[in-house]
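Me: Please take a close look at the ligand site in this predicted model. I would like one connected account of what surrounds the ligand and where it lies.

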Amino acid sequence: MSEFELIRDGEQAWDVVVVGGGTAGLSGALTLARVRRSVLVIDKGEPRNAPAAGAHGVLGREGISPLELLRLGREEVASYGGRVVSGQVARISRDGAGFRVVTEDGQHLRTRRVLVTTGLVDVLPDVPGLAERWGRDVLHCVYCHGWEVRDKVIGVLGNFHQALLFRQMSKDVTLFLHTATELTDEQWEQLAALGVAVVDGEATGLEADSQDQLAGVRLASGKVVPVQQLVVAPGSSRARVFCASWA
Ligand SMILES: Cc1cc2nc3c(=O)[nH]c(=O)nc-3n(C[C@H](O)[C@H](O)[C@H](O)COP(=O)(O)OP(=O)(O)OC[C@H]3O[C@@H](n4cnc5c(N)ncnc54)[C@H](O)[C@@H]3O)c2cc1C
């Protein structure tokens, strides 16, 4: 009998079901478990930063592997009696004074409260070869990985603000205009003052070297501009909305 079936058959009403077991969900679960709330975390296991080698700016655990951080978090939740299971929540609906949580595989759980911590899903620029390098040498966050790419040859794809941020980490920054809207005169002046090169034209692909390290950005003209790191500004979509009307 699976863990879920045991939970369902008991028809146990949890104090809190936490949907999503990333850092937010596990932190919430830890705090709740420590005040003797019965807590169940259901996690699909696809945290946003999974592709990254290290999580940075994490006090006391600087540079730890994101997945190791979550493994430790799950242990901490369990050490106070919280439960963490793998699974995907499909639907949440009102059930009397509480809620009913339904998983993708059809398990039904009752709970007094729900904590939804499903995170974000990054929507990456549609440039061939880019998604495969995400979290390695295609980056988005100067506070997360700026130090790791300091003094490297950095390209920034279509985002003026990111170009300014990463100029703090390297003197060799190129802004690829790609599909971005025109820069203002003031922005051109700022980039020139900081020595940021600007390349016109749409990026149509990425080039890697024989070690599978990023080597350049290919433009529609066929020209390849050498870079070691590429910074993008991904869009984001919230994890699928699964909360039925609670009215
Ligand atoms: C490449 C990259 C590197 C990063 N590096 C850093 C860094 O160095 N330092 C830093 O502070 N921040 C970093 N971040 C940001 C960090 O990843 C997020 O701030 C953090 O992951 C947010 O935690 P979260 O718990 O809200 O969401 P997530 O970590 O995304 O966790 C959400 C969890 O909910 C699960 N889930 C979603 N839907 C369901 C469902 N229906 N049922 C069950 N489970 C579900 C997901 O699978 C996932 O496991 C980075 C982000 C990226 C993309």
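**The ligand site**

Reply: In this predicted model, the shell around the ligand is made up of 11 nonpolar, 15 polar and 5 charged residues. Of the 31 residues that surround the ligand, those that come nearest are D43, E46, R48, H56 and V89. In terms of secondary structure, at least two residues of this shell are supplied by each of α2 (23–34), β2 (39–43) and α4 (142–145).

On the level of domains, the shell draws residues from both domain 1 (3–122) and domain 2 (125–231), and the ligand therefore lies between them. The space that the ligand takes is also the largest pocket.

Turning to individual atom pairs, E46, which is one of the residues that come nearest, has a backbone N or O atom at 2.8 Å from an oxygen atom of the ligand. A backbone N or O atom of A24 likewise faces an oxygen atom of the ligand, here at 3.0 Å. With H145 the pair involves the side chain, since a polar side-chain atom of this residue lies 3.4 Å from a nitrogen atom of the ligand. As for burial, the ligand on its own has 990 Å² of accessible area, and 85% of that area is covered by the protein.

Conventions:
Residues are numbered from 1 along each chain as its sequence is written. This is a predicted model: local features need pLDDT of at least 70, side-chain atom pairs count only at pLDDT 80 or more; totals for chains, interfaces and linings use all residues. Side-chain values use heavy atoms; hydrogens and water are left out. A residue is near a molecule or strand if one of its heavy atoms lies within 4 Å of it. A polar contact is a pair of N or O atoms within 3.5 Å; within protein, one must be able to donate a hydrogen and the other to accept it, and residues adjacent in sequence count only if both atoms are side-chain atoms. Accessible areas come from the Shrake-Rupley method with a 1.4 Å probe; for residues, only the protein chains shown count as cover. On a 1 Å grid over the protein atoms alone, a cavity is a set of points where a 1.4 Å probe fits but cannot get out, and a pocket is an open set with protein on both sides within 12 Å along at least five of seven lines; lining residues have an atom within 4 Å of a point. A molecule sits in a cavity or pocket if more than half of its atoms lie within 2 Å of its grid points. Helices (H or I, at least four residues) and strands (E, at least two) are DSSP runs, numbered from the N terminus. Ala, Val, Leu, Ile, Met, Phe, Trp, Tyr, Cys and Pro count as nonpolar, Asp, Glu, Lys and Arg as charged, and the others, Gly among them, as polar. Domain bounds come from an automatic or database domain assignment.
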